[in-house]
Amino acid sequence: MKKEALYHKLSEAILNRTAVSLVTFTEAGPDLTGKRILLLPETAYGEKGVSDDLTNATAAFCAPSFLQQHTTSLDFYWQNKRHTIFHEAFPPSPHLIIAGAGHVGEPVAQMGKMLGFSVTVVDDRPSFANKERFSCADEVCCQSFHSYFQNVPLQSFTYILLLTRGHQFDVLSLQQLLSRKDRPAYIGMIGSRRRIAGVFEQLRIDFPKESFTHIHTPVGLDIGAETPAEIAVSIFAEILAVRNKKSGEPLSSHIRELAKKGFRKGTKRCGNTK
Amino acid sequence: MITMIHTFLQIKKPAALATIVSTKGSTPRKKGSKMIITSTGALIGTIGGGCGEGEVIDKALEVIKTGQPVTHKVDLTSGLLYEDGGICGGIMTVFIEPLL
C-alpha cells in the first residue's frame with residue numbers, strides 16, 4: 001500500500017473513533033527506515049516495501065502497546081537485526097456532551113473544540129439548539145435530554161456537562177444517566193447550592209446516595225468565575241484535571257520550595273507538560 | 001495534523017515531517033508531536049519551539065534535499081537559560097523524514 005493510502009486509512013479510522021496506530025521504522029537500515037505499518041483492531045497494512053511477514057510480526061509485537069493505545073519507541077528484532085520502531089497511537093478524541101444550549105454553553109462548546117473534544121450540544125428548544133448558534137459543534141441535537149441520555153454511548157472518553165435551564169432537566173438527565181450500565185468519565189452539573197440540594201433530593205427517591213458522589217457539582221474549579229467565558233475556563237480546568245488525574249492545585253505550590261533552592265533536584269519535567 | 005500530512009503527500013510539494021519519538025527529562029512537548037517543514041522553511045505545527053526547534057528545521061531542510069530520513073537527538077540540557085527563553089532541561093529524539 002502507498003504511504004498516501006495509509007494516511008487516508010488513518011484519517012478514516014480517526015474520524016470513525018476506531019482505535020488505530022501507526023508504526024514507523026525510525027532506525028532500521030536504509031531500506032526500512034521511514035517505512036510505515038498501520039495497525040487496526042483486526043488488521044495491519046504495511047507500506048509498499050514492507051513484506052507481509054514483517055507486517056504481521058510487527059503487529060504481533062506491538063499488540064500490547066496497541067491495546068493500551070500507548071505511544072512509545074520500541075526495539076524490535078527481526079531476522080536477528082535490531083530495528084527501532086515508533087508506535088504512535090491515536091486514541092479516539094474525547095467526547096464532550098453539553099446538555100443545555102444557553103449562554104454558558106456557547107463558550108464551553110468553543111473551548112471544547114479548542115481543546116480537542118468532539119462536541120455535542122443537546123437542548124429541546126429549536127431556537128437554542130441550532131447550528132447557527134453552535135457552528136463550532138460537531139453535532140447539535142434538538143431533542144429532549146431524557147431521550148438523548150437514554151441511548152448515547154457512555155465510554156471512558158465521554159464527558160458530560162449539565163448546563164440546563166432548570167433543575168428539573170438535570171433530574172431527568174441524571175435519572176437516565178444513573179440507571180445506565182456504563183459510566184462516563186465525568187459528569188459535571190452547574191448550579192447553586194439550593195439547586196443542587198433540590199436535584200439530589202429528588203434523585204434520592206430512586207438511587208442510593210453513593211450513586212451520585214462522583215458527580216462534579218457545582219461544576220468547575222474555584223477561580224471566581226462569573227461570566228460565561230470565565231465559567232468555561234473553570235469547567236475545563238476541572239475536566240482536564242480529571243482527565244489527566246491531577247489535583248488542579250497551582251503548579252507553584254509544588255515547586256516553590258525547589259525553585260528557591262535553584263531547581264537542583266526533584267524537578268523532572270516542565271510544569272506545563274503531562 | 002494527519003489531514004495536513006495527507007494533503008502534503010497528495011500535492012507532492014517538497015516538505016519534511018519531524019516527529020518527537022522519545023523524550024527524556026523535561027521537554028516542552030510530548031511524544032508524537034509533529035511539525036511539517038516546507039522547502040522554504042515555513043512551519044506547520046510545533047515540536048516545542050526555541051533552539052531545539054531551530055536545529056530540527058536545519059536538519060529538515062537537509063532531509064528535503066537528500067530525501068533520506070534521519071534521527072536527530074536534541075539536547076536541551078546544556079544551558080539552563082537559552083537567550084530566547086527556552087528553559088526546558090531534557091533530551092528528545094526527533095525523527096525527520098521527507099514527505100513524498
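Visitor: How far apart are the end C-alpha atoms of helix 6 of chain A?

Guide: This is a predicted model, in which local features need pLDDT of at least 70, side-chain atom pairs count only at pLDDT 80 or more, and totals for chains, interfaces and linings use all residues. Residues are numbered from 1 along each chain as its sequence is written, with chains lettered from A and ligands numbered from 1 in the order in which they are written. Helices (H or I, at least four residues) and strands (E, at least two) are DSSP runs, numbered from the N terminus. Helix 6 has 13 residues (167-179), and because the expected span is 1.5 Å times one less than the number of residues, it should span 18 Å, which agrees with the end C-alpha distance of 18 Å.

Visitor: How many residues of strand 7 of chain A are buried?

Guide: A residue is buried if 20 or more other C-beta atoms, placed from the backbone, lie within 10 Å of its own. Strand 7 covers residues 118-123 of chain A. It is mostly covered, and the buried residues number 5 of 6.

Visitor: Which residue of strand 8 of chain A is the bridge partner of A:T120?

Guide: Two strands pair if DSSP finds at least two bridges between them. Strand 7 and strand 8 (residues 139-142) of chain A run parallel, joined by 4 bridges. The partner of A:T120 there is A:E139.

Visitor: Which element of chain B gives the most residues to the side that touches chain A?

Guide: Contact requires C-beta atoms, placed from the backbone, within 7 Å. By that criterion, 19 residues of chain B are in contact with 22 residues of chain A. With 6 residues, the element that gives the most is helix 1 of chain B.

Notes:
Buried ≥ 20, exposed ≤ 12 C-beta atoms within 10 Å, placed from the backbone. Contact = placed C-beta atoms within 7 Å.
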